[in-house]
Amino acid sequence: MGMPLTEHRFTVDEYHRMGDAGIFHEDDRVELIRGRIVQMSAIGRRHAGCVNYLGNTLARLLGQRAVVGVQNPVILDLEGEPRPDVAVLVPRPEFYRDRHPAPADILLLIEVADTTLDYDRDEKVPVYAETGVQEVWLVNLPGNAIEIYRDPRDGRYADVRTARRGSTIAPLAFPDLALRVAELLG
């Protein structure tokens, strides 16, 4: 009879201590999801270009109304520190130099998915809902669409819709910001 397997889940604090000890380098593409350290996929050209476009466009259009972070960590709870592709954050004078943003700081998270669509949709989006992130956009590059997740309730998003080329979308926090889906998809 074999020994039962157990999984060790890490806390954000343990994850940071591993980084401080040199186990991870700041350029390592890892994130902490539900206490698991996940190696992120390599970034392809279309994914990188889309992230560059979104980050630059949102920063330009929002100006001082928000802080726009690109592939920086956010701390969701004791066991979650993902690196969303784009985070639109409540403005702070120190630009989050003293701490990583938490769910209350997040106005919009954007994940760009090419080869990681299932992981982003099935793993990351539910964690965002469970921790109260108000709005998430999943840029579905293979499907040429943007999936919009809003109104987290009981660990799920109550409002889920899909925007396609030819339509415009606006973040809940900035309803005056009409963005063309076709331009966001590239």
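This note goes through the sheet, one helix and two buried charged residues of the predicted model.

1. Basis. The model is predicted, so that local features need pLDDT of at least 70 and side-chain atom pairs count only at pLDDT 80 or more, while totals for chains, interfaces and linings use all residues. Residues are numbered from 1 along each chain as its sequence is written, and side-chain values use heavy atoms, with hydrogens and water left out.

2. The sheet. Six strands (DSSP runs of E, at least two residues, numbered from the N terminus) form an open sheet of mixed pairing in the order β3-β4-β5-β6-β7-β8, where two strands pair if DSSP finds at least two bridges between them. Its edge strands are β3 and β8 (156–164), each of which pairs on one side only. Neighbouring strands are turned against each other by 15° on average, direction ignored. Strands β4 and β5 run antiparallel and are joined by four bridges, and Val 88 stands opposite Leu 108 in β5.

3. Helix α2 on the sheet. Helix α2 packs on the sheet and touches β3, β4, β5 and β6, its direction making about 155° with that of β5; axes are lines fitted to C-alpha atoms, for helices over the stretch in contact, and angles run from 0 to 180 degrees between N-to-C directions. Helices are DSSP runs of H or I of at least four residues. The 18 residues of α2 (residues 45–62) should span 26 Å, at 1.5 Å times one less than the number of residues, and the end C-alpha atoms are 25 Å apart, which agrees.

4. Burial in α2. Among the buried residues of α2 are His 47, Cys 50, Val 51, Leu 54 and Leu 58, buried meaning under 20% relative accessible area with a 1.4 Å probe, protein chains only. What covers the buried residues of α2 includes β6 (135–140), β10 (179–180) and α4 (181–185). Just after α2, Gly 63 takes a positive phi of about 55°.

5. Lys 124. This residue of helix α3 (residues 117–130) counts as buried because its relative accessibility is 3%. A polar contact (N or O atoms within 3.5 Å, one able to donate a hydrogen and the other to accept it; residues adjacent in sequence count only if both atoms are side-chain atoms) of 3.0 Å joins the side chains of Lys 124 and Glu 31.

6. Glu 135. Glu 135 lies in strand β6 and is buried, with a relative accessible area of 0%. The side chain of Glu 135 makes a polar contact of 2.8 Å with that of Trp 137. The C-alpha atoms of Glu 135 and Ile 148, 13 residues apart along the chain, are separated by 7.4 Å.

Definitions and conventions: Buried means under 20% relative accessible area, exposed over 50%, partly exposed in between (1.4 Å probe, protein chains only). Contact means heavy atoms within 4.5 Å.
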